Amino acid sequence: MKKFVLIFLSVLLVLSLGAWQQADKNVTITYTNFSSSGGNEETLQQMYDLFHEKNPDISVNIETIGYNDYFTQMQTRVAGGTAPDCFELNIENFAAYAAKGVLKEITGVDLSGINPTALSAFNMDGKQYGLPGSFSNVVLIYNKDLFDKAGISYPTIDWTWEDAQKAAEAIKALGDNTFGIFAPITYNEFYKVSAQFGGSLFNEDKTAFTVNSPENIKAVKNMVERVTVTHVQPNAEEQGGMGDWDWFMSGKLGMIPTGIWAFPTFAENCDFDWDIEVEPGQVKKATHFFSNAIVINAKTTDEKAAAAAKWLAFLASDPDAAALRIQAGWELPAITDQNVLNAYLTAGKPANRKAVFESLNYLVLPPVIEQNALMADIVNKHLESAASGKVSVEDALNAMQAELEEKIKLK
Amino acid sequence: MEKRKNGLKNQTSAVPFLLPSFKGLIIFSLLPIVISFFLSLTDWNGIDSLNLNVFLKDHFIGFQNYVKILTGGEFFRVLGNTLYFIVLYIPLMLIFSLLIAWLMNKNYKGVSLFRILTYIPVLSSWIAASLIWKWVLAPKFGIANNMLSIFGISGPAWLQSEQWAMPSIVLVSVWKDTGFFGLILLSGLQGIDKTYYEAAAIDGANSWQQFWKITLPLLSPSIFFVLIISLINSFQLFPQVMIMTDGGPNGATQVMVERIYKYGFKYYEMGYASAFSWLLFVIIFALTNLQMKMQKNWVHYGA
Amino acid sequence: MLPFLWMISTSFKSRGALMTLPIEWIPKNPTFDAYIKVFTRFPFARAIGNSFFIAVSYTVLTILSSSMAAFAFAKIKFPFADGLFKVYLASMMIPVQVTLIPLFVIMNKLGLINTYTSVISPSLFRVFAIFLLVQTIKSIPDDYLDAAKIDGAGLFTTYRQVVMPLCIPTIATLCITTFMDSWNDYLWPLVMLTDRNYMTLPIALSTLNGQYATEYNVLMAGSLISMIPIIVVYIFAQKSFKGSLVSGGIKG
């Protein structure tokens with residue numbers, strides 16, 4: 001009998017210990033990300049160390065996974081019901097996850113320090129389902145040496161595509177397999193150039209496609225005729241086997257509109273002088289904006305969700321985290337505090353870094369819809385046939401319009 | 001030995017031998033496969049939590065996915081692409097694997113090195129292999145077209161050309177898989193009793209006759225194996241297409257599993273992808289069954 | 001051979017200097033940077049240890065389970081043998097892309113997420129290995145088995161002492177291919193082993209893939225290092241090819 005009482009007491013003791021531990025407010029959450037893979041794991045770890053110092057009651061178990069199969073893996077875990085408490089999504093996948101109700105609204109944290117345009121990218125029906133962890137945009141990068149050789153002046157912020165075309169032709173005329181410009185003929189370029197020419201992929205309230213509008217025909221002609229008519233851009237065959245960055249780094253390409261994430265690679269590998277400018281516009285200016293969303297799993301408990309919201313808000317807007325990010329050259333923090341951002345201006349090549357911030361005035365958000373990936377694939381297919389020169393731009397866009405109408409449900 | 005037996009006869013004694021793999025079959029294979037069949041009757045998107053509600057109330061749509069697939073043109077076009085791959089790939093792969101196995105089975109200096117060299121493509125990751133092949137097949141600067149131009153042939157645009165993209169994929173796949181199947185065939189060759197050749201040599205058979213009368217029949221179980229496996233695998237051709245062409249140009253290299261993957265994990269139509277897979281299953285199963293039936297005509301087990 | 005040489009050459013290049021025109025076979029400024037990064041970026045030794053443990057267990061289990069099943073299919077008469085074998089084969093015909101999520105849910109229900117068991121246990125059922133061994137065992141003349149039976153050997157003894165030795169060339173081949181498959185397996189461990197402590201080599205290497213750029217030099221250095229164990233297994237297995245028939249045959 002005594003033995004029994006003893007056991008009973010010790011069980012009670014263990015149970016109460018457990019209860020005591022629960023009363024203690026330590027929370028451990030899991031955060032899964034891809035954007036620190038490929039070289040920024042340490043920066044993320046430093047950010048976490050800072051966070052944990054400020055919030056000793058929250059521990060974050062960080063999982064870093066390579067970009068390639070990240071989404072296959074994440075989808076499996078979400079569907080299997082064991083997704084991490086908070087995780088990262090790229091902008092293309094964000095809409096699908098949010099629309100399917102697997103994300104939790106982010107509440108109870110101060111978001112005032114975050115760039116409102118960036119924030120709005122992850123707001124659906126008035127609910128904030130994600131925060132912009134960081135962002136990147138696209139600028140026009142040009143080879144100064146080639147501009148000098150061709151005896152033409154450097155691009156300015158006021159350039160239109162006609163100016164760019166003239167410069168491209170002058171550089172192409174240098175001969176020796178040199179090309180003027182390289183802009184991919186893809187979905188991503190299309191929605192941006194369309195905006196520059198005053199067009200859009202949809203009508204005002206996003207209920208119908210308008211890809212074959214007169215503005216879009218002009219926009220696509222501008223993209224395609226560089227290859228098929230004036231030939232200042234290499235075609236698929238000429239390009240085969242070499243990426244667009246490789247072309248630029250080989251010194252045989254005058255201009256390339258590409259992401260600011262190219263800076264470190266170009267700085268290391270270009271043995272010629274280069275700089276950047278805001279991308280040319282046409283009817284108006286429009287520049288790309290890419291951001292990854294950091295989100296909370298809908299199935300996570302309220303207690304963990306609150307901790308996760310704190311962690312995500314810290315990642316997105318804490319000035320110290322932002323400073324770490326700028327220092328590492330790991331994209332840009334989507335914050336409004338210019339004092340922190342100023343460090344970026346003097347962080348090395350290229351010289352005209354203020355063009356990165358000037359570009360932010362003309363941001364165009366990707367037109368995210370639920371069936372985003374399918375839409376992008378359909379658009380790409382028809383742009384490819386226009387770029388091959390076998391189909392006229394008008395026919396390609398009409399076919400694109402028809403296929404989009406058939407396969408994609410808009411609200 | 002009074003009675004000729006076809007093996008050991010004992011019904012219950014097979015159970016312990018089969019048990020481990022049978023357990024594996026149920027848990028890791030049959031159960032998920034059966035679930036995937038039920039999923040093919042739904043419009044499940046592949047993100048919502050997978051539970052009974054998915055089948056019973058939220059997403060059940062009957063055979064609509066199958067109707068949609070079979071009445072649309074995409075399935076048959078993609079099936080055509082896949083069959084085109086198979087028709088080119090299997091004969092080439094088989095001939096080269098046989099050749100390599102035969103060369104590896106000889107006794108000469110450096111055979112060990114040769115064996116390792118032929119296996120290196122198998123070991124290389126698809127990422128490295130496709131990067132280099134993209135470069136070899138680059139239309140303007142690639143080695144392939146430079147070599148062809150020596151003979152006055154102006155080479156095609158390979159991966160960038162609608163006609164040549166699939167043959168290019170075949171070329172790279174043969175290069176990558178030959179070492180693997182060669183190794184399988186080699187183990188078949190190693191199993192052939194040397195006394196057969198000695199006897200044949202005494203009878204005055206030349207090496208060509210030996211190949212046809214001894215090697216080929218005795219190797220037929222291995223060849224049969226390679227045929228079945230490579231057929232199943234080629235219907236499920238996937239990584240090389242994703243990395244090298246992503247289905248392009250203009251859909252010329254879209255194949256079954258590439259579509260299934262994209263529907264399931266990119267377009268979030270997992271129900272549709274499951275139905276696609278089950279139609280693929282029916283085709284592979286029918287062809288495999290046919291091969292199994294035909295094996296009696298040409299596959300010889302034992303002497 | 002080219003890709004392999006290119007992998008070697010790339011692994012000694014500095015970041016970025018990867019795709020040049022014309023291609024650079026011998027790096028101008030060879031460097032060990034990539035190798036140093038491989039060893040410092042993530043717990044490399046831990047990843048190798050995990051991979052090794054998993055691949056060896058996986059291979060051993062595959063050989064045992066498959067050879068037993070193959071023996072039953074090839075030499076024991078039992079009802080529905082043909083039908084069952086077809087079910088085994090048919091299970092290879094559904095693409096893993098659509099069974100991935102269901103299988104994940106099952107593993108979750110079994111509580112196997114973040115355990116070595118989750119990646120090792122599928123070795124119990126390897127149709128490829130079973131099928132290959134069936135082909136080999138079928139070729140063994142029945143006389144051998146009858147002889148063993150007359151000597152009073154039970155089924156297990158026959159399996160172990162008569163059939164297995166005659167399968168050595170095939171088993172050697174299977175060791176290579178199974179070890180390689182398990183060693184390189186990527187998607188399944190990625191989904192099952194999310195804890196950093198369980199990380200296998202391919203998963204560690206995959207974290208070199210960034211969203212916008214990949215460090216090919218580090219990736220190639222890592223891939224080369226990860227090829228070494230397979231080559232070692234290959235050479236080892238090759239040895240057993242030589243004269244395996246001599247050591248095989250009937251003992252006692």
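This report walks through a predicted model, chain by chain and then where the chains meet.

**Chain C**

Let us start with chain C, which has 252 residues, 53% of them buried. Its secondary structure comes to 14 helices and 1 strand. How do the contacts in chain C spread along the sequence? Of those between residues at least 6 apart, 76% join residues at least 24 apart.

**Chain B and its two domains**

Chain B is assigned two domains: domain 1 covers residues 16-62 and domain 2 covers residues 72-298. Taken over C-alpha atoms, the centres of domain 1 and domain 2 of chain B are separated by 31 Å. Where these domains of chain B touch, domain 1 gives 11 residues and domain 2 gives 10 residues. On the domain 1 side of that contact in chain B, the residues are 4 nonpolar, 6 polar and 1 charged.

A pair of helices in chain B is worth a visit too. Helix α4(B), residues 74-104, and α5(B) have axes that come within 9 Å and cross at roughly 155°. Angles over 145 degrees count as roughly antiparallel, so α4(B) is roughly antiparallel to α5(B). From α4(B), the contact uses B:I100, B:L103 and B:M104, while α5(B) brings B:V111, B:F114, B:R115 and B:T118. Together, the residues of this contact between α4(B) and α5(B) are 5 nonpolar, 1 polar and 1 charged.

**Where chain C meets its partners**

Chain C is touched by chain B and by chain A. In the first of these contacts, 71 residues of chain B meet 67 residues of chain C. Several elements of chain B each supply at least two residues to its side, among them β1 (8-9), α5 (111-123), α8 (162-190) and α13 (270-298). Which element of chain B gives the largest share of the side that touches chain C? That is α1(B), with 17 residues.

In the other contact, 29 residues of chain A meet 26 residues of chain C. Here β2 (58-64), α3 (70-79) and α12 (263-269) of chain A each supply at least two residues. The largest share of the chain A side, 5 residues, comes from α3(A).

The table sets out the residue classes on the sides that touch chain C.

| Side touching chain C | Nonpolar | Polar | Charged |
|---|---|---|---|
| Chain B | 43 residues | 23 residues | 5 residues |
| Chain A | 6 residues | 18 residues | 5 residues |

Methods:
Residues numbered from 1 in each chain as written. Chains lettered and ligands numbered in written order. Predicted model: local features only at pLDDT ≥ 70, side-chain atom pairs only at ≥ 80, totals over all residues. Helix = DSSP H or I, 4+ residues; strand = E, 2+ residues; numbered from the N terminus. Buried ≥ 20, exposed ≤ 12 C-beta atoms within 10 Å, placed from the backbone. Contact = placed C-beta atoms within 7 Å. Domains from an automatic or database assignment. Nonpolar A, V, L, I, M, F, W, Y, C, P; charged D, E, K, R; others polar. Axes fitted to C-alpha atoms, helices over the stretch in contact; angles between N-to-C directions. Parallel < 35°, antiparallel > 145°, perpendicular 65-115°, else oblique.
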